[in-house]
Amino acid sequence: MDLLNAIVAIANYVLVPAISYGSQLALGALGVTLIYGILRFSNFAHGDTMAFGTMVTVLVTWWFQSLGVSFGPLPTALLALPLGILGCMALLLVTDRAVYRFYRQQKAKPVILVIVSMGVMFIMNGLVRFIIGPDDQRFSDGARFIIKAREFKQATGLSEGLAIKTTQGITIVTAVVVVALLFWFLNRTRTGKSMRAYSDNEDLALLSGINPERVVLYTWMIVAALATIAGVLYGLDKSFKPFVYFQLLLPIFASAIVGGLGNPIGAIAGGFIIAFSEVTITYAWKKVLGYLMPEGLQPEGLVQLLSTDYKFAVSFVILLIVLLFRPTGLFRGKAV
Amino acid sequence: MNETVKNVGLFALVGALILITGFMQSWNTAILILNMGLISAIMSIGVNLQWGFAGLFNVGIMGFVALGGLAVVLTSMPPVTEAWAAGGLRVLSGLLLGAATIAAAVIAHRKMRPGRTRGVVMIVILVGGFFLYRAVFDPGVEAVEAVNPAGTGYLGGLGLPVLLAWPVGGLLAAGAAWLIGKTALGLRSDYLAIATLGIAEIIIAVLKNEDWLARGVKNVVGLPRPLPYEIELQNDPAFVARVAGFGLDPVTASTLYVKLGYSVLFTVVLLILLWMAQMALKSPWGRMMRAIRDNEVAAEAMGKDVTARHLQIFVLGSAIVGIAGAMMTTLDGQLTPGTYQPLRFTFLIWVMVIVGGSGNNFGAVLGAMLIWFLWVQVEPIGLWLLQVLTSGMADANPLKQHLLDSAAHMRLLTMGVILLLVLRFSPRGLIPEK
Amino acid sequence: MSDNPWQDDRGNKDASITNKEGMGTVPYSSEAGGAHPAPGGPFLIGEAMTGGYGKGPDILHECTVAVDRGEIAVIVGPNGAGKSTAMKAVFGMLDLRSGSVRLDGEDITDLSPQARVARGMGFVPQNNNIFTTMTVEENLEMGAFIRTDDISETMEQVYELFPILREKRRQPAGELSGGQRQQVAVGRALMTRPKVLMLDEPTAGVSPIVMDELFDRIIEVSRTGIPILMVEQNARQALEIADKGYVLVQGRNAYSGTGKELLADPEVRKSFLGG
């Protein structure tokens with residue numbers, strides 16, 4: 001029995017990775033849920049929007065690095081992030097102008113917009129691969145760790161180490177700041193409230209003098225910021241590969257739906273639920289149980305419920321269970 | 001210009017494009033495009049059935065295609081007797097245990113009264129069942145995969161004729177579709193899109209990781225063929241003599257013969273399915289489906305069971321996609337789970353259906369052939385275009401290098417542009433629904 | 001199939017990709033047609049209006065409704081008589097083939113609904129007339145969205161008019177009772193400080209006691225000097241408080257007069273008031 005070591009092992013292999021992955025999913029799901037709530041369709045291009053914003057950030061980061069600009073112990077990408085967001089905003093606003101606006105004027109049905117977003121997805125996907133290529137790109141620099149496993153062991157005298165990567169720390173801090181800003185904006189500012197009003201009841205918003213085009217404009221800008229931040233954080237934490245971002249669509253959709261589509265709080269909760277389930281179910285618990293179980297009873301196998309290759313399956317099964325028992329998601333979303 | 005003329009013209013155009021490919025590039029390429037076009041056409045018919053006639057949004061086409069592919073392995077490969085002896089029964093009983101666990105949980109959910117007890121019982125059944133299943137299943141899998149891992153390492157199939165795998169692929173896909181539809185097609189609204197999106201990824205994950213089933217990413221190669229091998233033809237004096245009469249050399253002639261043989265087979269299947277789809281469309285059943293689609297409230301008031309009808313058409317459409325998936329794997333001669341990509345096998349099929357004309361079977365066929373042609377040919381055309389555009393630049397220019405290297409990604413961009421243009425300017429597709 | 005191919009969703013009802021709740025029906029047009037002076041006549045009048053929705057058949061035929069300063073005008077009539085349609089026509093939500101709408105000495109026939117709001121028309125639709133997910137106070141704030149000046153005074157007036165709203169101001173409006181929701185809806189419309197208030201069946205679906213209370217409130221609003229044009233299902237009670245009444249039948253004016261006259265008219269009594 002070694003409770004302390006078990007807790008540290010859990011923190012190191014489950015809590016920290018799950019919290020940072022959960023933050024990334026939550027930011028992605030917030031973008032999806034905002035579009036669903038205000039533009040009323042699920043945006044299949046969201047993964048590729050994230051990839052585009054991240055790509056711009058990566059390119060700017062490389063440029064900064066070539067100029068010798070650095071951000072001390074923090075990754076240079078954080079300096080490049082605002083430019084990445086601007087680039088992504090420009091792309092989304094051009095897309096809205098050239099593509100989506102026409103369908104809004106036609107009062108097109110949401111499912112048509114979903115198909116439109118598939119076309120946009122192809123274009124953005126092609127664009128990103130065309131510009132930066134389909135390969136893995138690393139752009140993280142600065143200090144690698146906030147706490148190193150070895151230092152932790154020395155300081156505490158435990159045999160289990162706890163490592164927190166700089167990127168994980170940044171992810172969590174950024175996510176908290178961004179989410180706080182977003183909620184302040186939606187609940188306290190006039191523009192934010194008008195966006196909620198439009199999402200709630202389009203006709204009445206119109207009768208109240210709210211300009212739909214303006215609401216849509218702000219929505220795309222916020223979505224661009226959220227998508228780029230989510231994408232950059234994910235890329236710093238792992239690496240940037242266009243195809244992986246496309247694949248993030250499933251866990252992101254799952255997070256948004258589990259929480260209740262159209263509900264921002266739900267998107268955040270959903271992100272963490274999906275992340276925690278993925279990590280706990282695909283983690284090999286041998287080590288932790290080894291500390292907890294009495295001598296002789298320690299497990300021989302890995303005690304891994306599912307291999308990591310099935311992480312998509314986990315998010316999906318969670319989603320299915322939630323939908324079967326609570327079709328509107330955990331936090332009453334708009335569905336059904 | 002009347003409609004029939006226009007439609008025939010459109011088909012003739014696609015035919016001409018393929019012929020031009022034959023004359024300009026090679027007949028091999030042309031027939032390859034034709035063959036995959038025919039398979040894509042069948043997939044499109046399946047998706048069109050779901051989207052065009054019932055408004056069901058399936059974004060898991062890739063999963064059904066892959067199930068069709070799996071069917072080919074399970075049906076036509078010879079069984080690996082050693083593997084069966086080593087752990088086949090154990091694997092099977094493990095799977096049965098897993099299924100029994102889920103069934104028991106469902107029964108408990110139905111029979112018991114709602115409340116905490118029911119929840120606890122269900123959790124106990126599921127958790128207990130899971131560990132039991134793993135305890136039986138895992139050693140079996142290990143044993144099976146240990147049998148000659150470089151060559152087999154899986155259970156193999158039933159050793160039946162490969163053509164039988166096509167309907168089996170349909171059945172397998174239909175079974176999966178029934179399960180998905182049963183859970184995801186609700187009463188007032190459904191969540192089919194996310195359900196199919198997820199299941200497709202899971203099917204691919206299973207194919208990639210369950211080596212005992214179809215060797216996972218080690219791929220199953222050398223699948224039996226419905227047609228003779230080229231080398232057999234080349235060694236057949238009668239064949240050599242016959243093609244010599246046409247002035248062809250035996251090597252080229254044998255590859256063309258085999259590929260054309262596939263074309264004929266695929267065309268037959270396509271025509272049968274197209275005919276069936278058309279008949280279904282015109283039958284009372286088809287009229288009812290469209291009545292439901294156009295006014296569900298009225299159809300429901302007339303006593304139509306909308307959910308059951310939706311389930312029906314979803315299963316049918318998916319079965320057709322499964323058949324196409326089996327045909328594709330037969331054509332490839334191998335099952336390679338790593339090649340299944342949603343962009344290629346789900347979203348591209350959607351482009352085909354929308355461009356061709358949702359709700360029109362002929363439109364689906366036309367869209368499939370046209371889009372498949374473009375999907376193959378945009379790459380060389382794009383490369384050529386970029387070469388022309390960059391011809392003024394020095395060869396060492398990094399921009400030129402980059403552009404030429406990136407030509408391969410032009411096809412995604414082009415598909416997006418085509419989809420958006422059609423949606424905007426011809427929203428009902430090239431051959432609209434009547 | 002719909003005429004507009006982009007409005008054809010093939011009966012899709014996939015909740016994981018589409019969100020139809022709260023979707024709008026009023027087409028948004030930023031280009032507002034011009035208004036031109038047309039002095040004289042009542043404060044608000046829809047005169048000889050003929051038209052219907054889109055390309056559909058005409059629902060209104062030469063229909064006229066009007067309200068003057070300090071008045072309550074009520075439109076009554078049997079089901080399907082075109083009462084709500086007449087109201088929507090005055091508000092610019094349907095295509096008029098002939099006739100005109102004039103407000104405060106201006107011809108506003110060509111203005112979009114949004115432009116009419118900006119010109120001082122307050123409209124309370126029959127259904128979906130509140131933001132259910134927002135608090136009562138946020139509903140009122142949204143009502144005043146086009147205003148750039150201080151709205152606290154108007155909000156205070158609304159709270160004085162509807163004290164229950166002050167009590168519930170932090171509660172989501174969707175959690176309120178039917179009668180309270182109608183008060184939120186009217187309060188929201190009042191927040192623009194409209195020159196005229198239009199109510200489409202404000203008492204639909206509320207209990208008789210609540211209905212009486214709502215009518216009292218409407219009279220109070222009218223006493224603040226805002227002319228009110230409303231459609232009512234409960235003809236007798238509505239005519240009792242009306243200065244002016246219009247009885248519509250099949251989109252035409254059948255009877256009009258003061259509320260008292262109509263109540264006294266034996267024809268009207270027999271046909272519409274149940275004897």
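Is the crossing of α3(A) and α9(A) left-handed or right-handed? I began my notes with this pair, and I find the crossing of α3(A) and α9(A) to be right-handed, where right-handed stands for the near helix being turned clockwise from the far one by less than a right angle, and left-handed for anticlockwise.

**Conventions**

I note that this is a predicted model, in which local features need pLDDT of at least 70 and side-chain atom pairs count only at pLDDT 80 or more, while totals for chains, interfaces and linings use all residues. Residues are numbered from 1 along each chain as its sequence is written, chains are lettered from A and ligands numbered from 1 in the order in which they are written.

**Helix pair in chain A**

I looked up α3 (residues 77-105) and α9 (residues 212-237) of chain A, which are DSSP runs numbered from the N terminus (helices: H or I, at least four residues; strands: E, at least two). Their axes lie 8 Å apart and the helices pack at an angle of about 140 degrees, with axes as lines fitted to C-alpha atoms, for helices over the stretch in contact, and angles running from 0 to 180 degrees between N-to-C directions. That angle makes α3(A) oblique to α9(A), given that under 35 degrees counts as roughly parallel, over 145 as roughly antiparallel, 65 to 115 as roughly perpendicular and the rest as oblique.

Among the residues that meet here I noted A:L81, A:I85 and A:D96 in α3(A), and A:W220, A:A224 and A:V232 in α9(A); contact requires C-beta atoms, placed from the backbone, within 7 Å. I sorted the residues of this contact into 17 nonpolar, two polar and one charged (nonpolar: Ala, Val, Leu, Ile, Met, Phe, Trp, Tyr, Cys and Pro; charged: Asp, Glu, Lys and Arg; polar: the others, Gly among them).

**Where chain A meets its partners**

Turning to chain C, I find 36 residues of chain A in contact with 37 residues of chain C. On the chain A side, α1 (3-38), α4 (110-132), α7 (190-200) and α8 (202-207) each supply at least two residues, and α7(A) gives the largest share, six residues.

For chain B, I find 30 of its residues in contact with 32 residues of chain A. The largest share of the chain B side, ten residues, comes from α18(B), and by class that side has 18 nonpolar, eight polar and four charged residues.

**Sheets in chain C**

I traced an open sheet of five strands in the order β1-β6-β5-β2-β3, with antiparallel pairing, where two strands pair if DSSP finds at least two bridges between them. Because β1 (36-37) and β3 (60-67) stand at the edges with a single partner strand each, one side of each is left without a neighbour in the sheet. Two bridges join β1(C) to β6 (residues 106-107), and C:H36 has C:D107 as its bridge partner.

I then followed another open sheet, of six strands in the order β7-β8-β9-β4-β10-β11, with mixed pairing; β7 (121-124) and β11 (252-257) are its edge strands. Within this sheet, β4 (residues 72-76) and β9 (residues 228-231) pair in the parallel sense over four bridges, and C:A73 stands opposite C:L229. I also noted helix α1 (residues 83-91) of chain C, which lies across β4, β7, β8, β9 and β10 and runs at about 150 degrees to β8(C).

Conventions:
Contact = placed C-beta atoms within 7 Å.
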